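Here is a set of short exercises for getting to know a structure that may be new to you. Try each task on your own, and then walk through the solution.

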Amino acid sequence: MDVNDDVERLVERIISEKGIEAIPSLINLLTDEDEKVRETVLQIIYRFGDTARPILLQKYREHIKMCQQNDVVLLYLVDILSDLGETSIKKDLYNLLSKYDDESAQLVIYEAICKLKDGEKILDVLAYYLLEDEYREELATQVIMALSHVPTPRTIEVLAKAYRDERFAQDIKKDIVQAISMLTMKDPKLWDHFEKVADRGLFSEVKRFTG
């Protein structure tokens, strides 16, 4: 039997038997050492969609009050709530950055800021991470994901410059192609600017990706 089938059955059973009452217990499992467990928990929470919002917000506020350093659960809640478009958390996000020591964790918060339509304010920070940071190759995928939520000409320029950086592997360059494709589909007016700043190789790849 396929492992994915087992996971799907578990997800369906929890949703049908427990409903949203299961969410507080599920949130506690987001610190489980087993990545498969965490992935399954996230899948269940996302399946509830907007009906989970009140409980997620309650748990988010509880963790904000606890004010712990490097709170992994809070980081997950920020990610989920920003996916749901919960703008009420935006006011906390800039202060939360100082509560995480790891750049990868901080980038989850930066991406949440972008998803909540505030990305232009941090565009210079994201550009630094992608183009100048000592660990840019390790952080690139996260940064590119964040930038894909910021449809501005400057974003296109940053991504086009990163594409020309020979230190980035092909999988990173594919992420850049996908991000630019998403941005130009969100805002077709960006296409003209993209044509001006892209080299021939990048232009061809994006053209192929968008069909």
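Let us begin with a cysteine: cysteine 67 is partly exposed, because its relative accessibility is 44%, and the class follows from the cut-offs (buried is under 20% relative accessible area, exposed is over 50%, partly exposed is in between, with a 1.4 Å probe and protein chains only). This is a predicted model, in which local features need pLDDT of at least 70 and side-chain atom pairs count only at pLDDT 80 or more, while totals for chains, interfaces and linings use all residues. Residues are numbered from 1 along each chain as its sequence is written, and side-chain values use heavy atoms, with hydrogens and water left out.

**Exercise 1. Decide whether cysteine 114 is buried or exposed, and find how many disulfides there are.**

Step 1: Look up the relative accessible area of cysteine 114, which is 1%, so this residue is buried.
Step 2: Apply the disulfide rule, which asks for a pair of cysteine sulfur atoms within 2.5 Å.
Step 3: Count the pairs that pass: the result is zero disulfides.

**Exercise 2. Describe the overall build of the protein: how many helices and strands does it have?**

Step 1: Take the DSSP runs, where a helix is H or I with at least four residues and a strand is E with at least two, numbered from the N terminus.
Step 2: Count them: there are 13 helices and zero strands.
Step 3: Read along the sequence, and the pattern is α-α-α-α-α-α-α-α-α-α-α-α-α.
Step 4: Add the dimensions: the C-alpha trace spans about 55 × 45 × 30 Å along its principal axes.
Step 5: Finish with burial: of the 211 residues, 45% are buried.

**Exercise 3. Find which aspartates form salt bridges with lysine 115.**

Step 1: Recall the rule: a side-chain nitrogen of Lys or Arg lies within 4 Å of a carboxyl oxygen of Asp or Glu.
Step 2: Search the whole structure, which gives nine salt bridges.
Step 3: Pick out aspartate 79, whose side chain meets that of lysine 115 at 2.8 Å, N to O. Aspartate 79 sits in helix α5 (residues 72–83) and lysine 115 in helix α7 (residues 103–115), 36 residues apart, and the pair links distant parts of the chain.
Step 4: Pick out aspartate 83, which also forms a salt bridge with lysine 115, with the closest N and O atoms 2.8 Å apart. Since lysine 115 is in helix α7 and aspartate 83 in helix α5, this pair ties together parts 32 residues apart in sequence.
Step 5: Compare the surroundings: lysine 115 is buried at 12% relative accessibility, aspartate 79 is partly exposed at 24%, and aspartate 83 is partly exposed at 40%.

**Exercise 4. Explore what connects helix α10 and helix α8.**

Step 1: Find the salt bridge between arginine 154 and aspartate 124, where the closest N and O atoms are 3.6 Å apart.
Step 2: Place both partners: arginine 154 lies in helix α10 (residues 153–163) and aspartate 124 in helix α8 (residues 123–131), so the pair ties together parts 30 residues apart in sequence.
Step 3: Check accessibility: arginine 154 is partly exposed at 36%, whereas aspartate 124 is exposed at 56%.
Step 4: Turn to valine 158, also in helix α10. Valine 158 is buried, because its relative accessible area is 1%.
Step 5: Relate valine 158 to aspartate 124: they are 34 residues apart in sequence and 9.4 Å apart in space, C-alpha to C-alpha.

**Exercise 5. Find where asparagine 70 and lysine 117 lie, and examine their phi angles.**

Step 1: Start from the usual case: most residues other than glycine have a negative phi.
Step 2: Check asparagine 70, which is not a glycine and yet has a positive phi of about 55°. Asparagine 70 lies in the loop between α4 (53–66) and α5, and is partly exposed with a relative accessible area of 34%.
Step 3: Check lysine 117, which is not a glycine either and has a positive phi of about 70°. Lysine 117 belongs to the loop between α7 and α8, and is exposed with a relative accessible area of 71%.

**Exercise 6. Name the residues that a network of salt bridges links.**

Step 1: Follow the network, and you meet Asp50, Arg53 and Glu86.
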